[in-house]
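Hi,

Here is the structure I said I would pass on. Have a look at it first, and then read on for what turned up.

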Amino acid sequence: MTEKEKLLRQGVSYGGLLTPETRPSAVQQAAYQDALRRNGPRVAGLIAALTTHLLTAVPRPVLVSLARAGTPVGCAMTRFARRRGRPLPHHTLSIIRGSGIDREALRRIMQAHPGATLVFVDGWTGKGSIAGTLSASLPAGVPPLLAVLSDPAGVADFAATHDDLLLPHAALNATVSGLLSRTFVDADIPDGQLHGVRTEDHLRADDVTGEYLAALDALDPGTASPLDSGPRPVRPYDAVLALASSLGVHDPHLVKPGVGEATRVFLRRQPAGLLLRDAGHPDTRHLHALAQAAAIPVTLHPELPYLAAALIAPGPRTGEDA
């Protein structure tokens with residue numbers, strides 16, 4: 001982790017940097033199991049609501065999940081649709097901040113489904129970076145329709161909820177995404193070349209992908225509730241930036257709001273601080289434990305519009321957003 005952070009601060013692109021993935025820690029595994037036990041029924045309900053809405057409201061939908069946080073969601077949605085007798089095509093492809101979407105993979109998907117409506121699927125939103133990258137990198141004529149389970153940033157076109165909550169798979173990486181590594185791309189990638197991915201075969205004994213999908217299948221609520229009809233959050237990230245600035249972090253690239261994004265910071269980067277809305281919230285217990293183990297300062301902010309936000313230590317400009 002230290003070497004990775006050093007490379008990022010030297011200007012190496014995050015999208016081109018792939019470091020070996022280690023086995024999930026005991027804290028990660030406990031967080032995954034706890035979130036599945038507590039939030040699993042709600043997550044299954046959100047999947048049902050989002051899938052039912054897309055099948056009803058979108059003409060000829062094709063799911064294009066964004067690797068990796070969107071991959072288990074797209075798989076679960078496809079399985080839900082199949083149980084309802086509604087085939088729902090699903091592909092997963094790479095999108096990298098700073099590089100954009102995998103244009104060649106997208107071209108192949110469009111070629112396989114002429115006239116279909118592509119719906120891009122992710123797990124959650126943080127500050128909306130992926131939504132912005134999607135809009136900026138799609139070719140003309142492809143609308144950036146984004147569907148997520150949890151949309152605390154208020155940027156998705158289809159959101160099952162605007163609540164910030166811990167999706168179980170946010171606590172893990174490859175071992176809940178079919179052993180896929182984070183995707184990567186060469187800065188000099190020529191037209192027509194796919195983004196790269198690695199299969200983390202050394203983690204096969206820890207793979208819970210099938211277990212996770214089967215658990216969500218078993219929690220199928222039977223009937224789907226409507227999508228969250230409440231108002232979208234109004235620029236919640238601005239409030240987080242103001243709090244971060246008061247703590248000495250002024251670079252927005254170093255501020256990661258939302259419990260999902262904060263978790264990824266603790267798994268991939270070197271956090272410098274953790275902001276929590278509620279010290280006792282069960283969805284952030286694992287973050288508190290990780291922060292304590294690494295001697296990372298934790299501050300409470302009841303006005304925080306997300307459950308949590310992680311700060312990365314200021315330094316030379318990082319290569320890309322994590």
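How many residues does helix H3 have, and how far does H3 reach from its first C-alpha to its last? This is a predicted model, by the way, so please read everything below in that light. H3 runs over residues 71-83, which makes 13 residues, and it reaches 19 Å, close to the 18 Å expected at 1.5 Å a residue. Right after H3 comes Gly85, with a positive phi near 75 degrees.

A good part of H3 is tucked away: the buried residues are Thr71, Pro72, Val73, Gly74, Ala76, Met77, Thr78, Phe80 and Ala81. So what covers them? The cover includes two helices, H2 (26-57) and H6 (209-218). Strands S1 (61-67), S2 (90-96), S4 (117-124) and S5 (146-150) are also among the elements covering the buried residues of H3.

On to how the helices pack. H2 and H3 have their axes 9 Å apart and meet at an angle of about 65 degrees, so the two are roughly perpendicular to each other. Their crossing is right-handed. On the H2 side the residues involved are Ile47, Ala48, Leu50, Thr51, Thr52, Leu54 and Leu55, and they meet Ala76, Met77, Phe80 and Ala81 of H3. That contact is made up of 9 nonpolar and 2 polar residues, with no charged ones.

H2 also packs against H6. Here the axes come within 9 Å and cross at roughly 50 degrees, which makes H2 and H6 oblique to each other. This crossing is right-handed too. Tyr32, Gln33, Leu36, Gly40, Val43, Ala44 and Ile47 of H2 make the contact with Glu211, Tyr212, Ala215 and Leu216 of H6. By type, the residues of the H2 and H6 contact split into 8 nonpolar, 2 polar and 1 charged.

Finally, some backbone oddities. Most residues other than glycine have a negative phi, and most peptide bonds are trans. Against that background, there is a cis peptide bond between Ala67 and Arg68, with omega about 0 degrees. Arg68 sits in the loop between S1 and H3.

Two residues that are not glycine have a positive phi: Arg60, at about 50 degrees, and Leu179, near 65 degrees. Are they buried or exposed? Arg60, in the loop between H2 and S1, is exposed, with a relative accessible area of 52%. Leu179, in the loop between strand S6 (158-161) and H6, is buried, with a relative accessible area of 1%.

Cheers

Note on methods
Residues numbered from 1 in each chain as written. Predicted model: local features only at pLDDT ≥ 70, side-chain atom pairs only at ≥ 80, totals over all residues. Heavy atoms only, no water. Helix = DSSP H or I, 4+ residues; strand = E, 2+ residues; numbered from the N terminus. Expected span 1.5 Å × (residues − 1). Buried < 20%, exposed > 50% of the residue type's maximum accessible area, 1.4 Å probe, protein only. Contact = heavy atoms within 4.5 Å. Axes fitted to C-alpha atoms, helices over the stretch in contact; angles between N-to-C directions. Parallel < 35°, antiparallel > 145°, perpendicular 65-115°, else oblique. Left-handed = near helix turned anticlockwise from the far one by under 90°. Nonpolar A, V, L, I, M, F, W, Y, C, P; charged D, E, K, R; others polar.
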